[in-house]
Amino acid sequence: MKPNAIVVVGMHRSGTSAVSGLLSELGVFMGSSLFAPQKGVNEKGFFENSLLVDLNDRLLDEQLLSWDHPLALCITPEVADSLAGYKAQAQHLLDKDYAKKNLWGMKDPRTTLLLPFWREVLDSKGIKINFVLMLRSPMEVHGSLKKRDGFSINKSMHLWLNYTLSGYIGAKGLNPFILKYQNLLNTPDDSARKIFEHFEISTGKNTPKQSFIDKKLKNQKAVEVPNEPLVHLAMEVFEILSSDVVDEARLAESVNEYKVYLASLSGVLSEHLNAVKTEEVYFKRHFLDAYESIWWKLSWPLKRIESFLRTKY
């Protein structure tokens with residue numbers, strides 16, 4: 001029997017951490033190197049494997065993208081082709097952290113922008129992939145991003161569309177489970193039951209019960225919807241994916257509309273963003289090389305002595 005991996009995808013601030021915490025409590029192994037909780041952001045924890053996040057950041061750097069890149073609609077197979085050189089590293093990560101587990105989970109919103117790559121990697125390891133796509137109102141996500149990062153409404157809509165469309169299209173053919181954020185908060189036990197039933201996974205419990213989800217986790221309420229084309233497009237996609245049966249024809253129209261919108265943006269913008277990201281990656285890699293060098297490590301004792309002397313005198 002193939003091991004089962006529940007891969008949580010979706011936009012940041014959409015409940016990916018909440019559902020991952022719920023799955024963890026019910027026996028799904030989420031990784032051995034999880035980030036600690038952060039007050040005011042995710043008080044109960046992110047349930048993100050730091051090894052996965054680090055690799056995903058490198059994969060995005062390779063494509064001159066980032067988690068908050070406004071043009072990162074990643075829905076083509078070429079994503080996997082361009083990252084083929086990282087396949088062995090990704091396989092090693094899976095072997096290191098999950099090989100001995102029959103049921104495990106993988107959560108990092110960045111994975112959503114890299115699904116063609118990760119599907120190939122998971123397939124190569126003979127793992128059954130079960131996608132859970134978190135779906136939250138674009139306006140609620142914007143409210144959270146504005147509070148945390150100061151993002152504008154249009155940037156938030158770009159990101160929401162990039163992640164949501166990349167997640168749904170990237171999981172196509174594998175019968176993803178779309179979980180609405182409000183349902184997760186209101187009926188967490190029922191949401192858990194539906195996830196396991198949808199993928200025909202047994203947790204060893206007849207009726208999963210949890211204590212992780214708390215409605216207080218919802219720190220952001222919806223704000224007034226402005227009359228902006230990109231907002232209307234995001235809300236339309238949200239409505240389509242919120243239906244019991246997704247209208248694929250209508251969704252395809254929305255995807256094409258978004259593609260046309262992205263194409264209408266000045267080529268100079270893409271050129272500038274690529275140049276900025278190229279410089280960022282260059283200096284980041286040189287800094288990491290210097291930080292990991294033997295000379296930097298040999299200087300640590302001297303730095304500690306210097307710090308001690310400054311404090312004392």
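Strand S1 (residues 4–9) is largely enclosed by the rest of the structure, because six of its six residues are buried. The model is a predicted one, and S1 is a handy place to start reading it. Cover comes from both sides here: Asn4, Ile6 and Val8 are buried on one face, and Ala5, Val7 and Val9 are buried on the other.

So who sits alongside S1? Strand S2 (residues 103–107) pairs with S1 in the parallel sense, over five bridges. Within that pairing, Ala5 of S1 faces Trp104 of S2. S1 also runs parallel to S3, and six bridges join these two strands. In this case Val7 is the S1 residue standing opposite Phe131 in S3.

From S3 the trail leads on to S4. Strand S3 (residues 128–135) pairs with S4 over four bridges, again in the parallel sense. Val132 can be found opposite Phe177, which belongs to S4. S4 itself (residues 177–180) has side chains that alternate between two faces. Phe177 and Leu179 point to one face and are buried, whereas Ile178 and Lys180 point to the other and are not. Phe177 therefore turns up twice in this picture, as a buried residue of S4 and as the residue across from Val132, with burial meaning under 20% relative accessible area.

Out on the surface, the theme is charge. A negative patch gathers Glu78, Asp81, Glu120 and Asp123. Two helices, H3 (78–82) and H5 (115–124), each supply at least two residues of this patch. Glu120 is a member that lies in helix H5. With a relative accessible area of 39%, Glu120 counts as partly exposed, because that label covers values between the 20% and 50% cut-offs.

The loops hold a couple of backbone oddities. Leu64 is not a glycine, yet its phi is positive, at about 60 degrees. Leu64 sits in the loop between helix H2 (50–62) and H3, the latter being one of the helices that supply the negative patch. The relative accessibility of Leu64 is 25%, so this residue is partly exposed.

Glu200 is another residue other than glycine with a positive phi, in this case near 55 degrees. Its setting is the loop that runs between helix H9 (188–198) and helix H10 (229–242). Glu200 has a relative accessible area of 75% and is therefore exposed, since the cut-off for that label is over 50%.

Methods:
Residues are numbered from 1 along each chain as its sequence is written. This is a predicted model: local features need pLDDT of at least 70, side-chain atom pairs count only at pLDDT 80 or more; totals for chains, interfaces and linings use all residues. Side-chain values use heavy atoms; hydrogens and water are left out. Patches are made of residues with over 30% relative accessible area and no salt bridge: like charges are joined within 9 Å, nonpolar side chains (Val, Leu, Ile, Met, Phe, Trp, Tyr) within 5 Å. Accessible areas come from the Shrake-Rupley method with a 1.4 Å probe; for residues, only the protein chains shown count as cover. A salt bridge is a side-chain nitrogen of Lys or Arg within 4 Å of a carboxyl oxygen of Asp or Glu. Lys and Arg count as positive and Asp and Glu as negative; His and the chain ends are not counted. The place of a charge is taken as NZ of Lys, CZ of Arg, CG of Asp or CD of Glu. Buried means under 20% relative accessible area, exposed over 50%, partly exposed in between (1.4 Å probe, protein chains only). Two strands pair if DSSP finds at least two bridges between them.
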